[in-house]
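Student: I have a model open and want to go through it step by step. Can we start with the ligand site and then move to the core?

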Amino acid sequence: MTTQAHITVFPDQVHFIAGAAEFMAARAAEAIAARGRWTAALAGGGTPRPIYARLAEAGLAQGIDWTRVHFFFGDERCVPPDDPRSNYHMARAALLAHLPLPAANVHRIAGEEDPALAALAYELEIQRFFRSAAAPAFDLICLGMGDNGHTASLFPGTASLREQTRWVVPQYVEVMQSWRVTMTAPLINAARHVAFFVEGAGKAAMLQRVLAGPYDPDVLPAQLIQPTAGQLHWLMDAAAAGQVINAT
Ligand code: 6PG
């Protein structure tokens, strides 16, 4: 890895969930204090769900002015928003529905639409929101990592890995037999903070390859994530970190 990553290893899942939620709350407070708002892209999958639920708890949530927060999504499954597979559906149930957040502050990817149109519409929404022709700097982009090294919906061997211009693209994922819409590496790498949340022994071998193995992003897409000017964070529990501690 070329970007200097900040690696935090929590002793167990309970501390990982609390630590990751506290990390998000700290990024929110920092951004609101510095720029009057917090723009954060949420990750999908299962790992972030308890982290979002923890962030929504009074202890953390009450310290944040949610009217100054805008949530986006790093990727989405091409399903309707009320489908249990939807990343928006998961985030809404765990976090968004529990916050005094104006509806206009949640920018979901239209998973129910044609993937190509949904990707185009989302890129335009980001462009309009940030009023930027160049890739804008989200304050935080949250990511997970699959046990095959994918992140967001950037899967091994897919065309989206080589996208250098567009910020959001549709991608048919053969291994999932389904369409996805995903942010691309150029957009993710423009962020001020990018944080991977990785938990469980099942990710340990892949995490060691991504963090300490040869650079091979077509096979290990998570290696594409190297913020241009921002900070890269890896938050993990000891079970996931197992082999990484020995390797780095
Ligand atoms: C998705 C996510 C995806 C996820 C990884 C890890 O849409 O599924 O964006 O990139 O973060 O697959 O998923 P788990 O956290 O469930 O292991």
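Student: How far is an oxygen atom of the ligand from an N or O atom in the side chain of Thr 47?

Tutor: Keep in mind that this model is predicted. Thr 47 is among the closest of the 15 residues that surround the ligand. The distance from its side-chain N or O atom to the ligand oxygen is 2.6 Å.

Student: Which residue has a polar backbone atom 2.6 Å from an oxygen atom of the ligand?

Tutor: The closest residues are Gly 46, Thr 47, His 150, Ala 152 and Lys 203. One of these offers a polar backbone atom at 2.6 Å from a ligand oxygen: Ala 152.

Student: How much of the ligand does the protein bury?

Tutor: Besides these partners, a polar side-chain atom of Arg 180 sits 3.3 Å from an oxygen atom of the ligand. Taken alone, the ligand exposes 410 Å². The share of that area buried by the protein is 85%.

Student: Is Ala 152 buried or exposed?

Tutor: Ala 152 belongs to the loop between β5 (140-143) and β6 (168-173). Its relative accessible area is 12%. The cut-off for burial is under 20%. Ala 152 is therefore buried.

Student: What is phi of Ala 152 near?

Tutor: Most residues other than glycine have a negative phi. Ala 152 has a positive value, in a residue other than glycine. Its phi is near 50°.

Student: Phi of Gln 177 is also positive. Is Gln 177 buried or exposed?

Tutor: Phi of Gln 177 is near 50°. The residue is placed in the loop between β6 and β7 (178-183). Its relative accessible area is 55%, and over 50% is the cut-off. So Gln 177 is exposed.

Student: Now the core. Which helix gives the largest share of the largest nonpolar core?

Tutor: This core has 81 residues. Met 24, Trp 38, Phe 71 and Trp 234 touch the most other members. The largest share is 10 residues, from helix α1 (residues 13-35).

Student: How far apart are the C-alpha atoms of Met 24 and Ile 51?

Tutor: Met 24 lies in helix α1 and is buried, at 0% relative accessibility. Beyond its sequence neighbours within four places, its contacts include Trp 38, Leu 42, Ile 51 and Cys 142. Met 24 and Ile 51 are 27 residues apart along the chain. Their C-alpha atoms are separated by 9.0 Å.

Student: Which tryptophans does Phe 71 touch, not counting residues up to four places away in sequence?

Tutor: The list includes leucines, among them Leu 42, Leu 95 and Leu 101. It also includes Asn 105 and His 107. The tryptophans in it are Trp 38 and Trp 66.

Student: Which backbone nitrogen lies 2.9 Å from a polar atom of the side chain of Glu 123?

Tutor: Glu 123 is found in helix α5 (residues 115-130). It is buried, with a relative accessible area of 13%. Outside its neighbours within four places, it contacts Arg 166, Trp 167 and Val 168. The backbone nitrogen at 2.9 Å is that of Trp 167.

Student: Last one. How many disulfides does the structure hold?

Tutor: Take two cysteines first. Cys 78 is partly exposed at 22% relative accessible area, whereas Cys 142 is buried at 0%. A disulfide needs a pair of cysteine sulfur atoms within 2.5 Å. The number of disulfides in the structure is 0.

Definitions and conventions
Residues are numbered from 1 along each chain as its sequence is written. This is a predicted model: local features need pLDDT of at least 70, side-chain atom pairs count only at pLDDT 80 or more; totals for chains, interfaces and linings use all residues. Side-chain values use heavy atoms; hydrogens and water are left out. Buried means under 20% relative accessible area, exposed over 50%, partly exposed in between (1.4 Å probe, protein chains only). A nonpolar core is a set of buried Ala, Val, Leu, Ile, Met, Phe, Trp, Tyr and Cys residues joined through side-chain atoms within 4.5 Å. Helices (H or I, at least four residues) and strands (E, at least two) are DSSP runs, numbered from the N terminus. Contact means heavy atoms within 4.5 Å. A polar contact is a pair of N or O atoms within 3.5 Å; within protein, one must be able to donate a hydrogen and the other to accept it, and residues adjacent in sequence count only if both atoms are side-chain atoms. A residue is near a molecule or strand if one of its heavy atoms lies within 4 Å of it. Accessible areas come from the Shrake-Rupley method with a 1.4 Å probe; for residues, only the protein chains shown count as cover.
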